[in-house]
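Reader: I've got a structure open and I'd like to learn how to read it feature by feature. Can you walk me through it?

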Amino acid sequence: KQQTQQIMSEKLASALEQAGISRIVFIRHAKAAPPDGSKPKKGEIPIHDWQRDDQMRPLTDKGKQQAAVAREWFQSDIGVASNKILVTSGARRASETL
C-alpha cells in the first residue's frame with residue numbers, strides 16, 4: 001500500500017509539474033450555520049442530517065469575518081493574479097468563503 005501511494009504521489013507531482021502547477025492550496029469553508037438554521041445549545045453536539053438542505057447552509061456572522069480574513073490572506077500572500085483557477089464545491093458556505 002505504501003509503495004502504491006508513493007507511485008501515485010510521484011505521478012501526481014509529475015503531472016502537476018508538466019502542467020506548470022507549482023502550488024495547490026486547500027481551504028476549508030468558514031463557520032456555517034447548522035443544517036436546520038438553529039444554534040446548538042452550549043455543550044450540545046448537533047445532529048447532522050445529510051439528507052437536509054446541507055448544501056444551502058450560509059456562513060454565520062463569524063464565518064463571514066473568517067472568510068474576509070481568508071480572502072485578504074489569499075489576495076496578499078498567495079496573489080490572485082498568479083492563480084490560474086479557483087475551485088470550490090457547490091455548497092453555499094464554500095462559495096461564500098471564497
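Author: Sure, and keep in mind that this is a predicted model. Let's start with R93: setting aside neighbours within four places in sequence, R93 is in contact with H29, A32, D54, Q55, R57 and L59.

Reader: Where does R93 sit, and is it buried or exposed?

Author: R93 is part of helix α3. To judge burial, look at the relative accessible area, where buried means under 20%. R93 comes out at 8%, so it counts as buried.

Reader: Which side chain does R93 join through a polar contact?

Author: That's H29: a polar contact of 3.2 Å links the two side chains, R93 and H29.

Reader: R57 was on that contact list too. Where is R57 found, and which backbone oxygen does its side chain reach?

Author: R57 belongs to the loop between α1 (2–18) and α2 (61–78). Its side chain reaches the backbone oxygen of A33, at 2.7 Å. With a relative accessible area of 11%, R57 falls under the 20% cut-off and is therefore buried.

Reader: And A33, the partner: what surrounds it?

Author: A33 also has its place in the loop between α1 and α2. Leaving out neighbours within four places in sequence, A33 is in contact with R57, P58 and T60. A33 is buried as well, at a relative accessible area of 13%.

Reader: How do I spot places where the chain comes back on itself? Say, how far is A33 from M56?

Author: Compare the gap in sequence with the gap in space. A33 and M56 are 23 residues apart in sequence, and 9.6 Å apart in space from C-alpha to C-alpha. M56 shows up in another such pair, with G90: 34 residues apart in sequence, 9.0 Å apart C-alpha to C-alpha. G90 is found in the loop between α2 and α3 (92–97). Exposed means over 50%, so G90, at 71% relative accessibility, counts as exposed.

Reader: Is there a pair like that with a residue from α2, and which residues make it?

Author: Try V69, which is found in helix α2. V69 and T97 are 28 residues apart in sequence, with 9.7 Å between their C-alpha atoms. V69 counts as exposed, at 59% relative accessibility.

Reader: What does the chain as a whole say about such long-range contacts?

Author: Take the contacts in the chain with a separation of 6 or more: residues 24 or more positions apart account for 71% of them.

Reader: Let's zoom out, then. How many helices and strands are there, and what pattern do they follow?

Author: The chain has three helices and zero strands, so along the sequence the pattern reads α-α-α.

Reader: How do I check a helix such as α1 for its length?

Author: Set its end-to-end reach against the rise expected per residue. α1 has 17 residues and spans 24 Å from its first C-alpha to its last, close to the 24 Å expected at 1.5 Å a residue. Just after α1, have a look at the backbone: G20 takes a positive phi of about 80 degrees.

Reader: What about charges? How many salt bridges are there, and which residues form a salt bridge?

Author: The count comes to one salt bridge. E96 pairs with R92, and their closest N and O atoms are 2.7 Å apart. The two are four residues apart in helix α3, which means that about one helical turn separates them. Both are partly exposed: E96 has a relative accessible area of 26%, and R92 has 35%.

Reader: Now the outside. How much surface does the chain expose, and how much of it comes from carbon and sulfur atoms?

Author: About 8,300 Å² is exposed, with carbon and sulfur atoms supplying 54% of it. On the other side of the ledger, 18% of the 98 residues count as buried.

Reader: Which residues make a nonpolar patch on that surface?

Author: V25, I27, W73, L86 and L98 make a nonpolar surface patch of about 410 Å². Take I27 from that group: I27 lies in the loop between α1 and α2. Its relative accessible area is 39%, so I27 is partly exposed.

How values were computed
Residues are numbered from 1 along each chain as its sequence is written. This is a predicted model: local features need pLDDT of at least 70, side-chain atom pairs count only at pLDDT 80 or more; totals for chains, interfaces and linings use all residues. Side-chain values use heavy atoms; hydrogens and water are left out. Buried means under 20% relative accessible area, exposed over 50%, partly exposed in between (1.4 Å probe, protein chains only). A polar contact is a pair of N or O atoms within 3.5 Å; within protein, one must be able to donate a hydrogen and the other to accept it, and residues adjacent in sequence count only if both atoms are side-chain atoms. Contact means heavy atoms within 4.5 Å. Accessible areas come from the Shrake-Rupley method with a 1.4 Å probe; for residues, only the protein chains shown count as cover. Patches are made of residues with over 30% relative accessible area and no salt bridge: like charges are joined within 9 Å, nonpolar side chains (Val, Leu, Ile, Met, Phe, Trp, Tyr) within 5 Å. A salt bridge is a side-chain nitrogen of Lys or Arg within 4 Å of a carboxyl oxygen of Asp or Glu. The expected span of a helix is 1.5 Å times one less than its number of residues.
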